[in-house]
Amino acid sequence: MKEKRDLKIQAIENGTVIDHITSGQALNVLRILGISSAFRATISFVMNASGARGRKDVVKIEGKELSVEEVNKIALISPKATINIIRDFQVVQKNNVVLPSYVEGVVRCKNSKCISNSSEPIESKFSVLQSEEGVSLHCLYCEHVISEDIAENLL
Amino acid sequence: MKDFSREEIDYVLDTAEKLEPVARGEKRSRLLDGKIVSLLFFEPSTRTRLSFEVAARRLGGQVLNLGSVEASSVMKGENLADTIRVISKYSDLIVLRHPLDGSARMAAEFTSVPLINGGDGSINHPTQTFLDLYTIRRESHLEGLKIAMAGDLKYGRTVHSLCHALSLYGAEMTFVSPPELRMPSEIVRVLRKQNIRVKETESLEEIIGDIDVLYMTRVQKERFPDPVEYEKVKNKLKVTGDLLKAAAPGLKVLHPLPRVNEISPDVDETPHACYFEQAFYGVPIRMALLALTIGVIE
């Protein structure tokens, strides 16, 4: 029984652990970070793990340290996530994700008539605003605002 | 339009006023002598295209027309980015009209010469807003203005953009429309937040005696699933000679044109009719924008 538990949340020797991901968003986190089968590192993740603050997802990337700037994009869908850099099984750096003020090529504009949804050689571009109502994305091309379903519109 | 401050808008309007005698053909100008202005219109817009062409020619510039989209490389599958890259090598300024939202902003990333948005998609048409403001300033006044906008306020991009611009001048605004074509609540909310006095009604009769400018827009049939409803609305929101009997003597009626039947022909000969002069004001405004953008006036 103990062996199974170890397998599920096994520690990594070196790399990055993204913890406290909003439950159910682990695969979207990988999408935002552009992590696919072509990525040269072993990735493991746990969904719906029990944590002190309720259920959460965890993603572990072995042998690769991601920069905080790189990972901050996931704050769009998981604002409480933390980024832990691991060296020799020790957490040497721990940061909360910070909502970036601008994202490019991460989210599809919901306006079907937006030029960023055509075959032009451009990436979608949004300024990111946070208000009492939550996070909203403002398309820098067509001015359309996405304030909900951000995860459903990931590229 | 939101990128412009009130000072910048005033500067464009002042420049247009100086150039108006040239636009009327009373004075000659060589401000754009030796300059080539390319008009890239990916959708038909006769008035905008012609007024840009007249504006460039009145200032002594040459005009390069893309011609019809069917005959161009666009039909061969060329994207807008490449078209812009190439045309910007051939000209000193580009005017772009395109059906997709945000196309002018994208084009600005690829052009090597200044580019003016001649209307993109269903949201932005800044030169129309400039000419509307210029018309109001020339024919009425911008300070302390009481304006009513009537017709399709839900989808009409000219009124959305005009609301924002007029808010910079503290105008008092009344929105007249059927419930299904009301001004988007977000725009009303933003205006009220800026302490703009906003009133909403369905009746022109109710407000006609208390405004300086009536800005009419076309109600499009395709917005109504039920043709009977369209007929009802169409006849309710109509400016007639009879309606204008209750108006202040100085009231001006504006319309971005083309009109269908929202302004009856008997209004045309009254001193209230301003829509044809408004179409002319597109020339000095576009002259000012061409000259300022190309840098021959600073």
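**View 1. Chain A, seen as a whole.** Among chain A contacts between residues at least 6 apart in sequence, 61% join residues at least 24 apart; two residues count as in contact when their C-beta atoms, placed from the backbone, lie within 7 Å. This is a predicted model, where local features need pLDDT of at least 70 and side-chain atom pairs count only at pLDDT 80 or more, while totals for chains, interfaces and linings use all residues. Residues are numbered from 1 along each chain as its sequence is written, with chains lettered from A and ligands numbered from 1 in the order in which they are written. Chain A has 3 helices and 9 strands, these being DSSP runs numbered from the N terminus (helices H or I, at least four residues; strands E, at least two). Along the sequence they come as α-β-α-β-β-α-β-β-β-β-β-β. The C-alpha atoms of chain A fit a box of roughly 55 × 35 × 25 Å along the principal axes. Of the 155 residues in chain A, 30% are buried (20 or more other C-beta atoms within 10 Å of the residue's own, with C-beta atoms placed from the backbone).

**View 2. The two domains of chain A.** An automatic or database domain assignment splits chain A into domain 1 (2-96) and domain 2 (102-153). Their C-alpha centres sit 25 Å apart. Where they touch, domain 1 of chain A puts in 6 residues and domain 2 of chain A puts in 5. The domain 1 side breaks down into 3 nonpolar, 2 polar and 1 charged (nonpolar: Ala, Val, Leu, Ile, Met, Phe, Trp, Tyr, Cys and Pro; charged: Asp, Glu, Lys and Arg; polar: the others, Gly among them).

**View 3. Helices H3 and H4 of chain B.** H3 (residues 80-90) and H4 (residues 103-110) of chain B pack at about 50°, their axes 9 Å apart; axes are lines fitted to C-alpha atoms over the stretch in contact, and angles run from 0 to 180 degrees between N-to-C directions. H3(B) and H4(B) are therefore oblique to each other (not under 35 degrees, over 145, or 65 to 115). On the H3(B) side, B:Leu80, B:Ala81, B:Ile84 and B:Arg85 make the contact, meeting B:Ser103, B:Met106, B:Ala107 and B:Phe110 of H4(B). By class, that's 6 nonpolar, 1 polar and 1 charged residues.

**View 4. Where chain B meets chain A.** Chain B brings 12 residues to this contact and chain A brings 15. H3 and H4 of chain B each supply at least two residues on the chain B side. H4(B) gives the most there, with 3 residues. The chain B side divides into 5 nonpolar, 5 polar and 2 charged.

Methods. Buried ≥ 20, exposed ≤ 12 C-beta atoms within 10 Å, placed from the backbone.
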